[in-house]
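Visitor: I have a structure open and no idea how to read it. Could you walk me through some features?

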Amino acid sequence: MLVSFNWLKQFVNLPDSVTAEEVAHKLTMSSVEVEGVKKMGESLNGIIVGKVKKVDKHPDADRLKVCVVYDGQNDLQVVCGGSNVKEGMLCAFAPIGTKVCWHGEGEPVVLEKTKIRGVESYGMICQSTEIGLGEMFPLKDEKEIFNLSAVAGAKVGSPVAEVLKLDDAVFEIDNKSMTNRPDLWGHYGLAREVAALYNKKLVEYNPPEISARGGSAFGGKEGKEIKIKIKVEDKKLCPRYMAVAIAGIEIKSSPDWLQKKLFAVGLRPINNIVDITDYVMYELGQPMHVFDYSKLVAYNSKLTNISVRRASAGEVIKTLDGGEHKLDELDLVIANREKAIALAGVMGGDNSEINNETKTIIFESANFEPVGVRRTALRLGLRSDSSARFEKSLDPNNCELALRRAVQITLELCPQAKVVSNVADESNFSLPTGPIELNWQFLWRKVGMELDKKIVIKILNSLGFTIKEKKEDMLVT
């Protein structure tokens, strides 16, 4: 799993002197195995913002131009074949001595002074693909250069990594090292560990409660335009299922901050609504799904019936990846009155997928039994980020937090949107929280040393446990 250092720091106020490498080492020694730390802007070393001051035709090549680029100190002659290069634009400029990938292919090479069709060139006006930003800023055509003119704060001579705020460090964590720790499959859970390691307060994860106005009391002033009714047929396989509808949705690209968060953890942004579900999953560790409301209900109906049931033998579902899968009676599906619309905990169906025309959505936040999810994912060859987390046995309490967080971000990104349904919550779980009676002698024997009682209690408190001392024991809740 990839983890963003900047994202962790949103929940823990670490001193500026604490480096990503130091945190990675502490996590490895205490909680999970960090296999490596990668700086996001590594491919941008030496790449700066340049200003194109002059553009002339190349005397000996129709498709090339001879440009004058100001790097903040000097005017430099650069031969460029960019289709969109023009006077006055800000560009990503690679001076002599920096590394680029020619045309976005192969290994990086060091730029040298060169002659191109008889004209000397002192550096390179870069495409996004040539400096490792192709996924973040895809080319509109194969000759397009990276235009930084519209980027806020872009100043000539500034490092491009700084201008684009690509100052993050990314931890690569070995998944096997946290198989028994489902709470660590999101940034907030890992931030709890970091807060305990550095004796810092963890920022509370408490999104606004849901109402038609986006605030107020959870379960209070909910929307009335749509009624969502949930029926869970097998409560063991689905301990909790929550859903809410939001209208006034505009499907568009996510804002820069959201896209960068997803890029940091290895995800490709799709659109604002799908990106929100991915964001919440990587933040809290709780998978979510989103349905196009219009594809779930009968014509002109205000009632949305969602059932969580076992599949019928031979039932077929086409999933979001385009695959068609034949199900058996051990598979769990989400369905409306007519058909299955998702494989529970694994992947959504293409018959309920949102698209650019979607105006009303239904968010799903649910908890599924881990063995069933794993069995279905393995049998169908459909391992996903969602199934990987559900397989570890998640806390059903997180369903509500995730739903609230998704609604919060949606209302921020779509100002015209509003909650238009009840908050449906089919809840059938009970989680014993103790107290666990822990004997001091037992603890010391297992740890291998006699730890100070105050230190033990302090560590447990920092991780969210409450302690009550009782002679030779402590009661841990």
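Visitor: Which residues touch the most other members of the largest nonpolar core?

Guide: Before that, this is a predicted model, where local features need pLDDT of at least 70 and side-chain atom pairs count only at pLDDT 80 or more, while totals for chains, interfaces and linings use all residues. Residues are numbered from 1 along each chain as its sequence is written, and side-chain values use heavy atoms, with hydrogens and water left out.

Guide: A nonpolar core is a set of buried Ala, Val, Leu, Ile, Met, Phe, Trp, Tyr and Cys residues joined through side-chain atoms within 4.5 Å; buried means under 20% relative accessible area, exposed over 50%, and partly exposed in between, with a 1.4 Å probe and protein chains only. Here the largest core has 64 residues, and Val 23, Phe 171, Ile 273, Ile 276 and Phe 363 touch the most other members. Helix α6 (residues 272-284) gives the largest share, 8 residues. There is also a second, separate core of 40 residues, with Phe 291 and Leu 332 among them.

Visitor: What is Phe 171 in contact with, beyond its neighbours within four places in sequence?

Guide: Contact means heavy atoms within 4.5 Å. For Phe 171 the list includes Met 1, Phe 5, Val 23, Leu 27 and Val 37.

Visitor: How do I read a sheet?

Guide: Strands of a sheet pair through backbone hydrogen bonds, either parallel or antiparallel. Strands (E, at least two residues) and helices (H or I, at least four) are DSSP runs, numbered from the N terminus, and two strands pair if DSSP finds at least two bridges between them. One open sheet here has 3 strands in the order β1-β12-β2, paired antiparallel. β1 (2-4) and β2 (34-39) each have a single partner strand, so one side of each has no neighbour in the sheet. Between β1 and β12 (residues 169-173) there are 3 bridges, and Ser 4 stands opposite Val 170 in β12.

Visitor: Which side chains of β13 are buried?

Guide: In a regular strand the side chains alternate between the two faces of the sheet. Along β13 (residues 227-232), Ile 228, Ile 230 and Val 232 point to one face and are buried, while Lys 227, Lys 229 and Lys 231 point to the other and are not. β13 pairs with β16 (residues 303-310) in the parallel sense, over 6 bridges.

Visitor: At what angle do α2 and α4 pack?

Guide: Axes are lines fitted to C-alpha atoms, for helices over the stretch in contact, and angles run from 0 to 180 degrees between N-to-C directions. Helices α2 (residues 20-30) and α4 (residues 187-197) pack at about 95°, with axes 11 Å apart.
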